Amino acid sequence: MNTSLPDWLTNGHAHIWLPYTQMKTADLPAPATRTQGSRIELADGRVLIDGIASWWTACHGYNHPHIAQAVQAQLARMPHIMFGGLAHEPALTLARRLCTLLGPGLDRVFFTESGSVSVEVAMKMAMQYWSNQGEPQRRRILAFRGGYHGDTFGTMAVCDPDIGMHAAFDGAGARHELCELPTDEARADALEARLHAQADRIAAILVEPLVQGAGGMRMHAPAVLARLREMADRHGTLLIFDEIFTGFGRTGSMFAFEQAGVRPDIITLSKALTGGTLPLAATVASRRVFEGFWSDDPAHALMHGPTYMGNALACAAALASLDLFETEPRLAQVRAIEVLLREGLAPCKTLPGVRDVRVMGAIGAVELERRPDHAALRRTFLEAGAWIRPFGHIIYLTPAFVMPPEDLRRLTGTICSVLAASTASHPD
């Protein structure tokens, strides 16, 4: 096995700035050269089982031939065309199919390139909706502690400031409302009081349905969403569901909101939208919201337009990904993964230093009492042939839905054994 580093890594590392990384002290990134299924091949020949599906995107695994063929065919016809004044078949067909999947009421799609921007667009839609209705004072978004919605200035302002990533920008963004999720009566009463006092200034309630992902894989019951829907209706505000993480099967249903039996006014989608192949996001609005912009007044139009909006290649990939949800048993695979995650991570519950083990759909999280040494854990997992990237107090798995059971058992077993060994070497 060749363990030398490739020239492109050693020569290029001095010129790259990596995400969420202190470049002075960080290890070199693992040099990936090829992917297939749930595996990542490194330059030295090692093969890793990918436990997090490239930040939860590669739901069908890597290199699915149906998606690859669709992208190649679209590339030969038209890779991209500006969406201002022009349109193309992949984007409009994708918009129609997304609205059909989401069900009645959510029927206008605005495409962007990233999840953060799709949330920004949702916030702009909500604020301008009220401005168009003659209530321009409604400029605040009510979001929740433990939530994460992106890294742009607009989305940082609705993230929990205590989750760690945005402390350097405290006070730099707009002021919004931050509350506890109404997971019990006391918190529901507190939220009700806040809404009662602030309703005339709140444009929308924003929540990650069922799972607050990057904020710590914090899970809540569908009844919380039903409660938020009822509160939004009673206080006359809009409700936004951020399904960038949870959408497209991750929680066990195609969309997380389906488990609550309620519908948002606006929903944001990204991550697995293209099956983990190309950047694409969507903000989908209800008819009520869209009609708030339907006017002869140009000032009432939504003024947003990314250069690569509705990129034809990305839309072709997304259409192929939706095909796979229709022709291959993805939700059944998620149900099987949930069983294996519960079984495989259960031994962690008895380990010292473990606060909680949580599983929902194809999401498994082990929460530790103390923040671990992330770099050391990543190195240990890498040596075991697993690509697992902890964050905060969390070690988590969000595998591709097509991952073979033996690979998933290897991942859960690796987490349990690594944590057990860490406890044995650091008993205090």
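Reader: What makes Lys 271 a residue to start from, and which modified residue does UniProt list there?

Author: The unreviewed UniProt entry lists Lys 271 as "modified residue: N6-(pyridoxal phosphate)lysine", with the position given in the numbering used here, the feature name shortened, and the annotation possibly inferred rather than shown by experiment. This is a predicted model, in which local features need pLDDT of at least 70 and side-chain atom pairs count only at pLDDT 80 or more, while totals for chains, interfaces and linings use all residues. Residues are numbered from 1 along each chain as its sequence is written, and side-chain values use heavy atoms, with hydrogens and water left out.

Reader: Why is Lys 271 called partly exposed?

Author: Lys 271 has a relative accessibility of 25%, and since buried means under 20% relative accessible area and exposed over 50%, with partly exposed in between (1.4 Å probe, protein chains only), Lys 271 counts as partly exposed.

Reader: Which residues is Lys 271 in contact with, leaving aside its neighbours within four places in sequence?

Author: With contact meaning heavy atoms within 4.5 Å, the partners of Lys 271 are Trp 55, Trp 56, Thr 57, Ile 244, Phe 245 and Gly 276.

Reader: How do you know that the protein chain is as compact as a globular protein of that length?

Author: The protein chain has 13 helices and 16 strands, where helices (H or I, at least four residues) and strands (E, at least two) are DSSP runs numbered from the N terminus. Its radius of gyration, taken over C-alpha atoms, is set against the globule rule of 2.2 Å times the number of residues to the power 0.38; the value is 22 Å, close to the 22 Å that the rule gives for 428 residues, so the chain is as compact as a globular protein of that length.
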